[in-house]
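Here is a walk through one protein model, from its aromatic rings out to its backbone oddities. Keep the viewer open and follow along.

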Amino acid sequence: MDIRKYKVFIRAMETGNLTRASEELEYTQSGVSHMMKSLEKEIGFPLLVRRHKGVSPTADGERLLPVLRELLKWNEHLEQITSSIRGMETGHIRIASFSSIAVQWLPSVIRCFQKNHPHVLIQILEGGIDEIEGWMAEGSVDFSFCSKQLHHPYDWVPLKEDRLLAILPGMDSLEQKRCFPLADFDKQPFIMSSPGFDYDIHHLFQSFEVNPDIRFYSRDDRVIMSMVESGLGYSVLPELVTLGHGRNILTLELDPPSCRSLGIALPSLKEASPAAMRFIEYAKTLLVES
């Protein structure tokens, strides 16, 4: 059993491109092509559909993907445990994260973690909640930094509460206000986070039956703040994404106060790899206790 072939196949399916997979995994393009032909011969049926612009899995290849991901996960566990017994910790941690968490939290956690675990490779995938759930479901990541969703079937490690704030143009008449009534967003021009990228704001308005006049959607928090700054409408954003924004906008607490719960979602705490569990412990120590 050649684990390398499985890694190449999975990465090629994730990128849709054999050349990109070869570059990321540091193989030659001819070497990757040879491994894929060898794997198909070993398996006994075609796994790839080769097109001019890339590759995609056959129906049989699609069926094999989750099994191969699970195989690689447990092989990674085995390598980490045996390396730890030998006194040299190695491994590969794949983390999905909101961009705001990747910017504000992860650098300090990674820096502290790598001081004691320099041989563990860390990969970060940034995306919205739908993308993160997709990566979790297909086994592409070990765990995710995100907001708690009621429908999540995952184990949950709570970290911090993140306030939701009213985002308003920089008008002097509102500067003395300490909070902004949620009901005042009703029928007002509004810039909303894109559906599928962030449901926290959508759920907030639904729960209080507030119906803003949504003029624009964006998945980029910087774009939302720029639109508000230009007077195109109001918005609501988590406090974490507004840190260091440097824009002429007002950020006011909502009335009633509202927040999102941030933490770590993972398929199973019991089945997490040793390296993943160590990273989670570092995150808890730095973020919960700080």
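F145 counts as buried, at 0% relative accessibility, where buried means under 20% relative accessible area, exposed means over 50% and partly exposed is in between (1.4 Å probe, protein chains only). F143 is buried too, with a relative accessible area of 0%. Before going further, note that this is a predicted model, in which local features need pLDDT of at least 70 and side-chain atom pairs count only at pLDDT 80 or more, while totals for chains, interfaces and linings use all residues. Residues are numbered from 1 along each chain as its sequence is written, and side-chain values use heavy atoms, with hydrogens and water left out.

Back to the rings. A pair of aromatic rings is described by the distance of the centres and the angle of the planes. Here, rings of Phe, Tyr and Trp (its six-membered ring) pair if their centres lie within 6.5 Å; planes under 30 degrees apart count as stacked, over 60 as edge-to-face and the rest as tilted. The structure holds 11 aromatic pairs. One of them joins F143 and F145: the ring centres are 6.0 Å apart and the planes sit at 65 degrees, so this pair is edge-to-face. Another brings together F185 and F205, with centres 5.8 Å apart and planes at 75 degrees, so that pair is edge-to-face as well. The F185–F205 pair links distant parts of the chain, 20 residues apart: F185 is in the loop between strand 7 and strand 8, and F205 is in helix 8 (residues 200-207). Helices (H or I, at least four residues) and strands (E, at least two) are DSSP runs, numbered from the N terminus. Both F185 and F205 are buried.

F143 and F145 also belong to an aromatic cluster, together with F113, F279 and Y282. Those last three lead to a helix pair, since F113 of helix 6 and F279 and Y282 of helix 11 are among the residues that meet where the two helices come together.

How do helix 6 and helix 11 cross? The axes of helix 6 (residues 106-116) and helix 11 (residues 274-288) come within 10 Å and cross at roughly 125 degrees. That makes helix 6 oblique to helix 11: angles under 35 degrees count as roughly parallel, over 145 as roughly antiparallel, 65 to 115 as roughly perpendicular and the rest as oblique. For the record, axes are lines fitted to C-alpha atoms, for helices over the stretch in contact, and angles run from 0 to 180 degrees between N-to-C directions. The crossing is right-handed; a crossing gets that label if the near helix is turned clockwise from the far one by less than a right angle, and is left-handed if anticlockwise. On the helix 6 side, the residues that meet helix 11 include L106, V109 and I110, and on the helix 11 side they include A275, A283 and L286.

Now for strand 11, which holds T251. T251 counts as partly exposed, at 32% relative accessibility. Leaving aside neighbours within four places in sequence, T251 is in contact (heavy atoms within 4.5 Å) with L165, A166, I167, T242 and H245. The C-alpha atoms of T251 and K177 are separated by 10 Å, although the two residues are 74 residues apart along the chain.

Strand 11 (249-255) is followed by a loop to strand 12 (259-266), and P256 is found there. Most residues other than glycine have a negative phi, and most peptide bonds are trans. The bond that joins D255 and P256 is cis, with omega about 5 degrees. What about phi? K187, not a glycine, has a positive phi of about 70 degrees. K187 sits in the loop between strand 7 (179-181) and strand 8 (189-193), and is exposed, with a relative accessible area of 61%. E26 has a positive phi too, near 60 degrees. E26 lies in the loop between helix 2 (18-24) and helix 3 (29-43) and is exposed at 73%.

Finally, the cysteines. How many disulfides does the structure hold? Zero, with a disulfide taken as a pair of cysteine sulfur atoms within 2.5 Å. For C179, the closest cysteine sulfur is in C259, 15 Å away, which is too far for a bond. For C259, the closest is in C146, also 15 Å away and too far for a bond. C179 is partly exposed at 32%, and C259 is partly exposed at 42%.
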